[in-house]
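Q: I would like a close look at one part of this structure, the aromatic side chains and what surrounds them. Please go through it step by step.

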Amino acid sequence: MLTIFQNIIRFIVLVLVQVLILNNIQFLGYINPYLYIYFILTLPIRVPRWAVLILAFVLGLIIDMFSNTAGLHAFATVFVAFVRMPTINVLTSIDESSNPEPSVRSFGWMTYLRYAGFLVLINNALIFILEAFSFVNFGIIAIKILLSSVVTLLLILIIQMFKKR
């Protein structure tokens with residue numbers, strides 16, 4: 001019950017931070033941090049896949065409504081939720097009886113960095129490629145993807161450092 005309450009609070013806080021603060025920040029025209037994806041990254045391992053997909057869709061749809069983007073975030077977030085569990089299975093060997101929340105503490109620094117980095121990169125790549133809907137300026141799109149992913153990943157790692165041990 002405590003985990004459900006924590007996830008509800010996390011969902012609300014991340015949506016508010018994204019909509020009220022991060023959507024209004026655009027560093028140098030290239031960096032748009034998308035911290036809301038942290039909610040999907042930190043859902044406990046054994047949450048049913050259908051529930052993760054529904055939560056991802058709702059999260060993306062809410063961000064889309066406030067960002068005035070027609071389904072970009074919903075698509076990217078659902079895709080990240082879809083590949084989340086296969087990514088965890090490739091990177092870790094999880095005990096079947098446990099239900100850890102993916103974190104630096106449960107995965108270790110390098111594994112968590114690969115896990116979060118890969119999913120953040122996929123999320124940002126989908127958002128920026130669909131937003132441009134063209135490969136004409138692929139160099140600029142690639143720079144946006146890379147810089148936004150690095151900043152988002154840094155924010156996620158800062159949150160991980162300050163979490164209770």
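Is Phe75 buried, partly exposed or exposed?

A: The model is predicted. Phe75 is partly exposed, because its relative accessible area is 44%, and the partly exposed class runs between 20% and 50%.

Phe75 has an aromatic partner, Phe79. Both residues lie in helix H4, which covers residues 72-91. They are 4 residues apart, about one turn of the helix. Phe79 also counts as partly exposed, since its relative accessibility is 33%.

A pair of aromatic rings is described by the distance of the centres and the angle of the planes. For Phe75 and Phe79 the ring centres are 6.5 Å apart and the planes stand at 25°. Planes under 30 degrees apart count as stacked, so this pair of Phe75 and Phe79 is stacked.

Helix H4 also holds Thr87. Thr87 counts as buried, because its relative accessibility is 8% and the limit for buried is under 20%. Leaving aside neighbours within four places in sequence, Thr87 is in contact with Tyr115, Phe118 and Leu119. Another ring to look at is that of Phe82. Arg49 lies over the face of Phe82, at 4.2 Å from the ring centre.

A search of the whole structure finds 6 aromatic pairs. One of them is formed by Tyr34 and Phe128, with ring centres 6.1 Å apart and planes at 50°. An angle under 30 degrees would count as stacked and one over 60 as edge-to-face, so the pair of Tyr34 and Phe128 is tilted. This pair links distant parts of the chain, with the two positions 94 residues apart. Tyr34 is in the loop between H1 and helix H2 (38-41), while Phe128 is in helix H6, residues 109-132. Tyr34 is buried, with a relative accessible area of 6%. Phe128 is buried as well, at 3% relative accessibility. Together with Tyr36, these two residues, Tyr34 and Phe128, form one aromatic cluster.

Next in sequence after Tyr34 comes a residue with a contact to helix H1. Leu35 is touched by Val17, which also touches Leu22, not counting residues up to four places away in sequence. Val17 is found in helix H1, residues 2-20, and is partly exposed, with a relative accessible area of 25%. The C-alpha atoms of Val17 and Leu35 are separated by 8.1 Å, and the two residues are 18 places apart along the chain.

Helix H1 also takes part in the salt bridge, and the structure holds 1 of these. The side chains involved are those of Arg10 and Glu101, at 3.4 Å from N to O. Arg10 sits in helix H1 and Glu101 in the loop between H4 and helix H5 (104-107), so this pair links parts of the chain 91 residues apart. Arg10 counts as buried, with 15% relative accessibility.

The last item is on the surface. Trp50, Ile54, Phe57, Val58, Leu61, Met65 and Phe66 form a nonpolar patch there, with about 760 Å² of accessible area together. One of these residues, Trp50, is placed in helix H3, residues 49-67. Trp50 is exposed, because its relative accessible area is 57% and exposed means over 50%.

Definitions and conventions
Residues are numbered from 1 along each chain as its sequence is written. This is a predicted model: local features need pLDDT of at least 70, side-chain atom pairs count only at pLDDT 80 or more; totals for chains, interfaces and linings use all residues. Side-chain values use heavy atoms; hydrogens and water are left out. Patches are made of residues with over 30% relative accessible area and no salt bridge: like charges are joined within 9 Å, nonpolar side chains (Val, Leu, Ile, Met, Phe, Trp, Tyr) within 5 Å. Accessible areas come from the Shrake-Rupley method with a 1.4 Å probe; for residues, only the protein chains shown count as cover. A salt bridge is a side-chain nitrogen of Lys or Arg within 4 Å of a carboxyl oxygen of Asp or Glu. Buried means under 20% relative accessible area, exposed over 50%, partly exposed in between (1.4 Å probe, protein chains only). Contact means heavy atoms within 4.5 Å. A charge sits over a ring if NZ of Lys or CZ of Arg is within 6 Å of the ring centre and within 35 degrees of the ring normal.
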